[in-house]
Structure formats: C-alpha cells, structure tokens
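Biologist: Could you walk me through this protein? Put it up on the screen and I'll start asking.

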Amino acid sequence: MASLGLAQRIRIGLDGNSGAEFPMMGRPRRSLSSNYGRSRVGFRIMASEGQSVEPDLSVTVNGLKMPNPFVIGSGPPGTNYTVMKRAFDEGWGGVIAKTVSLEADKVKNVTPRYAKLRAGANGSAKGQIIGWQNIELISDRPLETMLKEFRQLKKEYPDRILIASIMEEYNKSAWEELIYRVEETGIDAIEINFSCPHGMPERRMGAAVGQDCDLLEEVCGWINAVATVPVWAKMTPNITDITKPARVSLDQGCEGVSAINTIMSVMGINLNTLRPEPCVEGYSTPGGYSAKAVHPIALAKVMNIAQMMKSEFGHKDYSLSAIGGVETGGDAAEFILLGANTVQVCTGVMMHGYGLVKTLCSELKDFMRKHNFSSIEDFRGSSLEYFTTHTDLVKRQQEAIRQRKAIKKGLQSDKDWTGDGFVQETESMVSN
Ligand SMILES: Cc1cc2nc3c(=O)[nH]c(=O)nc-3n(C[C@H](O)[C@H](O)[C@H](O)COP(=O)(O)O)c2cc1C
C-alpha cells in the first residue's frame with residue numbers, strides 16, 4: 001500500500017491537458033478485506049431441518065464487493081463499452097478492460113494475429129480448441145475514447161467492479177499521468193500489465209519490466225506513490241521464478257497479484273508452406289499461449305505465488321487473482337483451492353461467449369454443495385498445504401509402506417505385545 005498523506009500535484013502536457021494541474025493522492029485507499037491462508041472447515045448452514053442454504057459466491061477483495069469471483073481478464077472481451085456492458089449484464093463479478101497506454105497511435109497490430117491448437121480430428125478445423133496463440137498488442141483505441149467509455153460504464157453500473165489495465169514506458173511522469181487519468185473516470189481498481197509477452201520490449205513495456213526485478217521495483221514504487229485505488233500487478237509466466245516479481249510488487253505497495261499472462265510460444269509450422277503461424281506476409285513472431293492447454297502451468301505458478309504470499313505476507317490483506325485456461329466451474333474451484341480470491345477468464349469468453357459466467361457460477365455452486373461449502377472463504381486455500389517437496393514425498397511413502405507392512409504382518413507372537421496401541425495390536429492378531 002502506498003504511503004500516502006501529502007497532496008501531490010503533478011503537471012501533464014498531452015491530449016489537450018497541457019499545463020493542467022491536478023491533485024494527486026492524499027486519499028486513503030479502500031479498506032482491505034481478505035483473510036489470506038486462514039484455515040477453513042466446510043460446513044453446511046441449514047435454513048431449517050434438512051434444507052440446505054444456497055452456496056454464496058459473493059466475494060470482497062481489497063474492499064471491492066463482487067457478486068461472484070469471476071472477472072473478465074484483460075483482452076478482447078474488454079475491448080470497448082458495448083462488450084463490457086454485455087459482461088455486466090450477463091453477471092460477471094468484475095471486468096478488467098483491455099490494456100491502455102497514453103499513446104494508442106504507437107500501437108500497431110497485424111492480421112492474422114491468432115492461431116489455434118486443436119485436439120482430435122487430426123488437428124483439423126473440427127477438433128476442440130485446446131490452445132490459443134495471439135500476437136495481439138494492447139489497445140490501439142485512443143485513450144480518450146476508452147476513458148469516456150469507463151466513465152459511462154461507471155455511471156450506468158455504479159455498483160459493479162470495473163478495473164483498468166494499464167501499461168506504460170519506463171517513464172515516471174507517463175505512469176503518473178496515466179494513473180491519474182484512469183482514476184478520474186471512477187474505475188474501482190487498476191491492474192498493471194507487467195506481462196505482455198510480445199511487442200514493444202524496445203519501449204521497455206510489459207514483460208520487459210515484469211522480467212526485471214530492479215525495473216519492476218522502481219516502477220511499482222512510482223505507481224504506488226500515486227495510486228489511490230487498489231493496484232494488482234499482473235505477472236508473466238515467462239520467467240524462472242514467478243515468486244520474485246510477485247514479492248517485489250507486494251513489497252512495493254501493490255494490494256494484489258494477478259497470474260498468469262500468456263506463455264511465450266510458437267504455435268506451429270505449416271507443413272505445406274513451411275512457414276510459421278500465425279503467418280503475416282510469410283513471417284511470424286513468437287506469441288502468447290492461452291486456453292485449456294495452459295491451465296496446468298497456471299495452476300503451478302499460482303500455487304508458487306500462493307505459497308510465497310502465505311508464508312511471507314500471510315498476516316496482511318493481499319489478494320491473488322488467478323488466470324489461465326478457465327472454462328468450467330471446476331477449473332475455477334482449483335484456483336480457489338490454491339488460494340485465489342478471484343478467477344479471470346479471457347480466451348474462454350472468446351470461445352464460449354459472455355453467457356459462460358452462468359455455467360461457471362452454477363458449476364462452482366455444484367462443487368460447493370458437494371463438499372458442503374457455504375462460501376468461497378470456506379475452501380479458499382484449502383489444498384495449498386498438500387504441496388511439498390519430492391524428498392518429502394519419498395519419506396512419506398516409505399513411512400506409509402512401512403506402516404502398511406506392519407499392519408499386514410500383525411503381531412507374530414506374544415512376546416511382541418507392547419501394550420501401546422493395545423486395540424490395534426489386538427486387531428492385528430485377528431485372522432481375516
Ligand atoms: C487475444 C488476447 C489478447 C490479450 N490481451 C491482453 C491485454 O491487452 N492485457 C493483458 O493484461 N492481458 C492480455 N491477454 C492475456 C489474458 O488476459 C490472460 O492473461 C491469458 O490469456 C490467460 O488466460 P486465458 O487462458 O483465460 O485466456 C490477452 C489474451 C488474448 C488471448
């Protein structure tokens with residue numbers, strides 16, 4: 001959390017705001033409210049004898065109240081007013097808009113920019129999509145247009161959570177200006193895109209910052225000195241140890257971590273043309289991989305971050321937003337069992353539409369009913385303690401085998417009686 005107190009004033013000089021002076025900071029951020037890593041026991045609340053209460057999917061994350069933990073992940077499903085409005089109408093818990101920057105005209109996209117990996121049907125167009133690659137950049141729509149749409153959405157949906165995703169160059173005043181301008185629209189939180197894997201590394205944007213902990217520390221410091229709404233830092237999986245940037249972001253005042261962005265990939269080579277895909281004028285470039293195929297990798301990264309947060313930041317109210325290959329309520333339950341407060345979906349919405357949230361909610365409720373969980377907090381983080389080292393697994397297995405052998409053998413003669421665990425010793429003498 002930024003140490004705020006003094007009103008700060010900065011000057012901006014772009015987009016018609018030249019010379020305008022505006023107040024920055026001074027307002028305390030929203031109160032925080034998560035109980036990270038608390039141990040939980042599932043229980044069923046009975047409305048009356050024999051009748052169970054409907055599971056409650058609502059969550060409060062960094063003070064943000066959502067009807068369910070499902071959030072639209074930054075990308076095409078949050079491109080403009082029309083689609084974000086659709087997301088709210090369908091019932092998404094929150095929406096993260098497509099990433100914006102100050103100068104949209106520097107963002108140059110190409111077509112085609114997507115490629116898909118299909119399972120079954122010999123990879124034909126009929127097979128199920130399991131992997132999705134994109135070489136899409138951040139939003140190329142003018143910032144002013146996006147800001148106008150944020151304002152409109154907050155006017156129409158004041159109680160719904162709208163999160164701006166932002167990315168800028170390695171330039172303190174650019175970050176300060178961008179934060180001020182998105183906050184001014186009334187958005188509820190900011191997600192920082194420290195993770196876009198393709199395009200603009202030469203401008204030191206996206207993953208170029210997220211992969212360099214020194215740069216990240218500095219930029220997070222700038223951001224949290226001025227931001228007055230909760231800030232989530234979105235992590236790239238394209239790094240050896242994802243806990244390092246996550247730790248730096250939280251140490252530097254971010255309220256939450258989001259993970260993962262897409263995984264660097266080459267989707268394939270066309271065996272007829274011998275050209276890589278997606279093929280733009282005969283050439284390609286590595287892009288970001290998403291959808292079902294990345295879910296196991298995302299689970300591992302989220303597990304690593306959750307363990308780090310529990311051991312190093314467990315006493316504080318930080319949040320974790322899990323992303324990667326979510327298409328079912330079960331996929332989401334897995335992330336929550338690892339400690340996620342919210343679950344983001346991007347490619348799943350591109351494939352199944354905004355109505356997917358209804359299926360996600362109903363499947364998550366089915367899971368909760370099955371285990372008698374009445375709220376998300378009842379099971380959040382419950383599976384985290386069952387991860388250990390391989391060395392520990394070997395020890396546990398050796399001990400389990402020893403115990404099973406001992407039970408099988410039973411006591412061989414009266415001289416083996418110890419009197420400890422008398423009941424078990426007696427049982428072991430019974431022939432089956
Ligand atoms: C076409 C496309 C565009 C994306 N654009 C952005 C973006 O602008 N900003 C961002 O933070 N993440 C972006 N992402 C990454 C997603 O938000 C998400 O982190 C990733 O795709 C993994 O989740 P998923 O499997 O649910 O898609 C994009 C993903 C896709 C597929």
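Biologist: Which residue in β13 stands opposite Glu 191?

Modeller: Keep in mind that this is a predicted model. Strand β12 covers residues 189–193, and strand β13 covers residues 231–234. Those two strands pair in the parallel sense over four bridges. Across from Glu 191, in β13, stands Trp 232.

Biologist: And what do the eight strands close into?

Modeller: Follow the order β7-β8-β11-β12-β13-β14-β19-β20, with parallel pairing. Neighbouring strands of this sheet are turned by 25 degrees against each other on average, ignoring direction. What the eight strands close into is a barrel.

Biologist: Zooming out, what share of the 432 residues is buried?

Modeller: The secondary structure comes to twelve helices and 20 strands. To count as buried, a residue needs 20 or more other C-beta atoms within 10 Å of its own. Among the 432 residues, the buried share is 41%.

Biologist: What percentage of the contacts between residues at least 6 apart in sequence join residues at least 24 apart?

Modeller: Take the contacts between residues at least 6 apart in sequence, then pick out those joining residues at least 24 apart. That share is 72%.

Biologist: Now the ligand: how many residues of the shell around the ligand are charged?

Modeller: There are 27 residues around the ligand, and Gly 73, Gly 75, Ser 290, Cys 346 and Thr 347 come nearest. β10 (128–134) and α9 (347–352) each supply at least two residues of the shell. Sorting the shell gives ten nonpolar and 14 polar residues, and the charged ones number three.

Definitions and conventions. Residues are numbered from 1 along each chain as its sequence is written. This is a predicted model: local features need pLDDT of at least 70, side-chain atom pairs count only at pLDDT 80 or more; totals for chains, interfaces and linings use all residues. Two strands pair if DSSP finds at least two bridges between them. Axes are lines fitted to C-alpha atoms, for helices over the stretch in contact, and angles run from 0 to 180 degrees between N-to-C directions. A residue is buried if 20 or more other C-beta atoms lie within 10 Å of its own, exposed if 12 or fewer, and partly exposed in between; C-beta atoms are placed from the backbone. Two residues are in contact if their C-beta atoms, placed from the backbone, lie within 7 Å. A residue is near a molecule or strand if its C-beta atom, placed from the backbone, lies within 6 Å of it. Ala, Val, Leu, Ile, Met, Phe, Trp, Tyr, Cys and Pro count as nonpolar, Asp, Glu, Lys and Arg as charged, and the others, Gly among them, as polar.
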